[in-house]
Amino acid sequence: DPSLLRLYDEELCEEGYGVILAQNGKEALTKFGKEKPDLVVMDIRMSVMDGIEALGAMQGKNRQVPVILNTAFPQYKENFMTWGAEAYVLKSSDFTELKQKIREILDRRKKQARS
């Protein structure tokens, strides 16, 4: 949904993050290979290629990049195919939990890189 993408872009840019947007799983996978992101936030239900398939393909390319699944569907958390994600955050109109999880994961990665 283009309006949701704009909202995520605005919310995360306000936090100081550089944001790369993709409209579906296939586009996300292509950008993942070209852009080399520090972290991926992805929905499960997407057109062309769903988030579970995209997650598996991304991990096949680079397991070091953490992926946060951000979805409105809590039942997928029990699906073993989603267990490769670093975090599973339910969508909300309040981005606080997602922002905290992003900050936590990136901070942990920085500390690990320094050690």
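Helices and strands here are DSSP runs, helices of at least four residues and strands of at least two, numbered from the N terminus. The model on screen is predicted.

**Whole chain**

Start with the whole protein chain selected. Its secondary structure consists of 4 helices and 3 strands. Followed from the N terminus, these elements come in the order α-α-β-α-β-β-α. The radius of gyration is 13 Å, close to the 13 Å that the globule rule gives for 115 residues, so the chain is as compact as a globular protein of that length. Turn the view along the principal axes: the C-alpha atoms fill a box of roughly 40 × 30 × 30 Å.

Now show the surface. The protein chain exposes about 7,300 Å², and carbon and sulfur atoms supply 49% of that area. Of the 115 residues, 34% are buried. Among contacts between residues at least 6 apart in sequence, 54% join residues at least 24 apart.

Next, colour the charged side chains. There are 18 positive and 18 negative ones in the protein chain. The centres of the two sets lie 6 Å apart.

**Strand S2**

Select residues 67-71, which form strand S2. Is this strand enclosed or open to the outside? Buried means under 20% relative accessible area. By that cut-off 5 of the 5 residues of S2 are buried, so the strand is largely enclosed by the rest of the structure.

In a regular strand the side chains alternate between the two faces of the sheet. Look at S2 from each side in turn. On one side are Val-67, Leu-69 and Thr-71, and on the other are Ile-68 and Asn-70. Both faces are covered, since the residues on each side are buried.

Add residues 40-42, strand S1, to the selection. S1 and S2 pair in the parallel sense over 3 bridges. To find one of these bridges, pick Val-40, whose bridge partner in S2 is Val-67.

**Helix H2 and the loop after it**

Move to helix H2, residues 25-35. Two residues to pick in this helix are Gly-33 and Lys-34. Gly-33 counts as partly exposed, at 25% relative accessibility, whereas Lys-34 counts as exposed, at 67%.

Two distances can be drawn from here. The C-alpha atoms of Gly-33 and Ser-93 are separated by 30 Å, with their positions 60 residues apart along the chain. From Lys-34 to Pro-2, which are 32 residues apart along the chain, the C-alpha separation is 22 Å.

Then select Lys-36, in the loop between helix H2 and S1. What is the sign of phi at Lys-36? The angle is near 55°, a positive value in a residue other than glycine. Lys-36 is exposed, with a relative accessible area of 60%.

**The loop between S1 and H3**

Go on to Val-48. This residue is found in the loop between S1 and helix H3, which covers residues 51-61. Val-48 is not a glycine, but its phi is positive, at about 65°. With 64% relative accessibility, Val-48 counts as exposed.

**The loop between S2 and S3**

Select Pro-74, in the loop between S2 and strand S3, residues 87-90. Pro-74 is partly exposed, with a relative accessible area of 47%. Which residues does Pro-74 touch, not counting those up to four places away in sequence? They are Tyr-88 and Leu-90. For a distance, draw a line from Pro-74 to Ser-47: the two are 27 residues apart in sequence and 19 Å apart in space, C-alpha to C-alpha.

**Helix H4**

The last stop is helix H4, residues 96-114. Pick Glu-104 within this helix. Is Glu-104 buried, partly exposed or exposed? At 38% relative accessibility, Glu-104 counts as partly exposed. Draw one more distance, from Glu-104 to Cys-13. These two residues are 91 apart in sequence, and their C-alpha atoms are 17 Å apart in space.

Conventions:
Residues numbered from 1 in each chain as written. Predicted model: local features only at pLDDT ≥ 70, side-chain atom pairs only at ≥ 80, totals over all residues. Heavy atoms only, no water. Rg over C-alpha atoms; globule rule 2.2 N^0.38 Å. Buried < 20%, exposed > 50% of the residue type's maximum accessible area, 1.4 Å probe, protein only. Contact = heavy atoms within 4.5 Å. Areas by Shrake-Rupley, 256 points an atom, 1.4 Å probe, with all protein chains shown as cover. Lys, Arg positive; Asp, Glu negative; His and termini not counted. Charge placed at Lys NZ, Arg CZ, Asp CG, Glu CD. Pairing = 2+ DSSP bridges.
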